[in-house]
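Biologist: I should be grateful for a close look at a single part of this molecule, the open sheet, followed by an account of the contacts found elsewhere in the chain. Please present the reasoning behind each assignment as you go.

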Amino acid sequence: MTVTSVLRALLLLRLLPAGSGGGGAGVNFRFASYIGDHMVLQKEPVGAVVWGYGKIGGIVMVTLHQAQETIMKKTAYVKEQSETWIVVLDPMKPGGPYNMTAEQIIKKERYSQTVYDVLFGDVWLCSGQSNMEMSVSQIFNASEEEAKAFSYPFIRIFTVGLVKAKEELEDLTSIDLPWSLPSPQNLGHGNFTYYSAVCWLFGRYLSDILKYPIGLVSSSWGGTPIEAWSSWRSLQACGISKKAKHLYSGPTDHSVLWNSMIHPLLNMTLKGVIWYQGENNAYYNNDLYNCTFPAFIEDWRQAFHYGSQGQTQRLFPFGFVQLSTTMSKDEDYAFPRIRWHQTADLGYVPNVRMPNTFMAVAMDLCDRDSPFGSIHPRDKQTVAYRLHLGARAIAYGEKMLPFQGPLPEKIELLADKELLKIEYNQKIQVQEEDDKIYEISCCNDHQCKWIPAPMGNSSSQTLVLKVDSCHGTVTAFRYAWSTWPCEYKQCPIYNPSSALPAPPFITVIPN
């Protein structure tokens, strides 16, 4: 910027009415509510979307600057119906800080707003129910985790306020934590407030690898079914009506959190989403979860892609946590069924129905002594670590990185030896010999029941089960098909190098 242009700008400001520099009376000129100081905008190869409100009939200019240098300028018209404007910034390399000013001049009145200390990096949205909402102060080694906050000034955190709405909102109406640098105080603000432990730890693990800014947006509410977070479109795709049938501790009305806590974020350019939810669907539309979850992911992907002017990747990476455990009675196998439905009934991701997804298995991270109830295990470090492995493999394309545990690849019934041979797709380590965690479906006279199949010999990739207790036909087998399949990190089958557990599995045995 030359001296002449600086003087010209100062002269213009002196000619404008007093007070007009901050917004002017009667004109709602501002950025969208989630655009603020210390934020992270999505870096290259896509453009970050910036939007806000202005006076109809005028042009808005958005300027990105660093010190005295103007990096770019973008202009947009204010739309008549919504009184909003929107621009897509040029793709930016990771880094910063920058300042960003939006300005509108109408009849010699100048309205402007500037946000400071803006970084470019990867923006991840974290959502779900209470296990995602659980704050850093509630987990194991909380004080140690909080003390690390100051070592990560290039991670920025934001929390959406708890609001429900009957109609889709354009902008957020409540913010619990505006964009902030991490500190012990805002990481451990209080129970189930901010900041989300899974979200923070996921971002911290990624930051250690990526070495550039990370923006984390947390939007969660405990005690909520997936239907509350789903648009009417995705619910309709699964034949679900608009009204909820049961009440839990959080809002259950269909779409009320999609409307208020997700829809206002759709213009945001994202790198990806991580999700921890499902407990409240164990006894509510359980058998539809194999439809509602994949449909929900597909709908969010469409909506964020469209809302961001095509900048958020159409099939953006979507990671989730498979349900952990609870000590409450579960006679209907509700938790195992949800775990299975979380994979669209295939047992693994990514798959044909759920492309570009990744999953953290958590059934071996039980916590019977959790002061927040056994349904809220405190080891969120392992959850986030397993999630970040999936992100590195799926979102960042790290080849040869193990991010999922062993899966059965071939099953052979050796009837003459009364054995069932399971061949896995990777090396296995038998950590515990368990006589009950494997079960077979044994059929006699058209009646079948599940009975235990004790573990026998094993090699580097195979395991043999004893099926001599079945005096009929063995028609299926399943693994870890219970709410609490094993004690903490003591399930039988892990990968020896990655220490990732084999996920629960069920399949028919061909005869």
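Modeller: The sheet in question is open and has four strands in the order S19-S18-S22-S24, with antiparallel pairing. Its edges are strand S19 (447-452) and strand S24 (505-508), each of which pairs on one side only. Direction ignored, neighbouring strands of this sheet are turned by 25° against each other on average. The model is a predicted one, and every value given here is computed from it.

Within the sheet, S18 and S22 run antiparallel and are joined by six bridges. In this pairing, tyrosine 438 stands opposite tyrosine 479 in S22. The two strands are also linked through side chains: arginine 478 forms a salt bridge with glutamate 439, with the closest N and O atoms 2.8 Å apart. Because arginine 478 lies in strand S22 (residues 473-479) and glutamate 439 in strand S18 (residues 438-444), the pair ties together parts that are 39 residues apart in sequence. Arginine 478 and glutamate 439 are both buried. Elsewhere, salt bridges that share partners join Glu144, Glu145, Lys148 and Arg204 into one network.

The general principle is that side chains of opposite charge can pair when their charged atoms come close. With a limit of 4 Å between nitrogen and carboxyl oxygen, the count comes to 16 salt bridges. Two further examples have other surroundings. Lysine 93 and glutamate 44 meet through their side chains in a salt bridge of 4.0 Å, N to O. This pair links distant parts of the chain, 49 residues apart: lysine 93 is in the loop between strand S6 (84-88) and strand S7 (95-106), and glutamate 44 is in the loop between strand S2 (40-42) and strand S3 (49-53). Lysine 93 has a relative accessible area of 58% and is therefore exposed, whereas glutamate 44, at 27%, is partly exposed.

The second example involves two helices. Arginine 233 forms a salt bridge with aspartate 299, the closest N and O atoms being 3.1 Å apart. Since arginine 233 belongs to helix H6 (residues 232-237) and aspartate 299 to helix H8 (residues 289-307), the bridge ties together parts that are 66 residues apart in sequence. Arginine 233 counts as partly exposed, at 33% relative accessibility, while aspartate 299 has a relative accessible area of 7% and so is buried.

Helix H8 also contributes to the aromatic contacts, for which the count comes to 26 aromatic pairs. The rings of tyrosine 289 and phenylalanine 293 have centres 5.5 Å apart and planes at 25°, so this pair is stacked. Because tyrosine 289 and phenylalanine 293 are four residues apart in helix H8, about one helical turn separates them. Tyrosine 289 and phenylalanine 293 are each buried. For phenylalanine 304 and phenylalanine 316, the ring centres are 6.1 Å apart and the planes stand at 90°, so the pair is edge-to-face. Phenylalanine 304 lies in helix H8 and phenylalanine 316 in the loop between H8 and strand S13 (318-321), so this contact ties together parts that are twelve residues apart in sequence. Phenylalanine 304 and phenylalanine 316 are buried as well. These rings belong to one aromatic cluster, formed by Trp229, Trp275, Tyr289, Phe293, Phe296, Trp300, Phe304, Phe316, Phe318 and Phe320.

One member of the cluster, Phe318, leads to a further strand pairing. Phenylalanine 318 stands opposite threonine 357 in S14, and S13 and S14 pair in the parallel sense over four bridges. In a regular strand the side chains alternate between the two faces of the sheet. In strand S14 (residues 357-360) both faces are covered: Thr357 and Met359 on one side, and Phe358 and Ala360 on the other, are all buried.

Finally, helix H10 (residues 380-394) permits a check of its geometry. At 1.5 Å a residue, its 15 residues should span 21 Å, and the end C-alpha atoms are 21 Å apart, which agrees. Of the 15 residues of H10, 13 are buried, so the helix is largely enclosed by the rest of the structure. The N-terminal end of H10 is capped by aspartate 379, a side-chain oxygen of which lies 3.2 Å from the backbone nitrogen of glutamine 381.

Key:
Residues are numbered from 1 along each chain as its sequence is written. This is a predicted model: local features need pLDDT of at least 70, side-chain atom pairs count only at pLDDT 80 or more; totals for chains, interfaces and linings use all residues. Side-chain values use heavy atoms; hydrogens and water are left out. Buried means under 20% relative accessible area, exposed over 50%, partly exposed in between (1.4 Å probe, protein chains only). Two strands pair if DSSP finds at least two bridges between them. Axes are lines fitted to C-alpha atoms, for helices over the stretch in contact, and angles run from 0 to 180 degrees between N-to-C directions. The expected span of a helix is 1.5 Å times one less than its number of residues. A polar contact is a pair of N or O atoms within 3.5 Å; within protein, one must be able to donate a hydrogen and the other to accept it, and residues adjacent in sequence count only if both atoms are side-chain atoms. Rings of Phe, Tyr and Trp (its six-membered ring) pair if their centres lie within 6.5 Å; planes under 30 degrees apart count as stacked, over 60 as edge-to-face and the rest as tilted.
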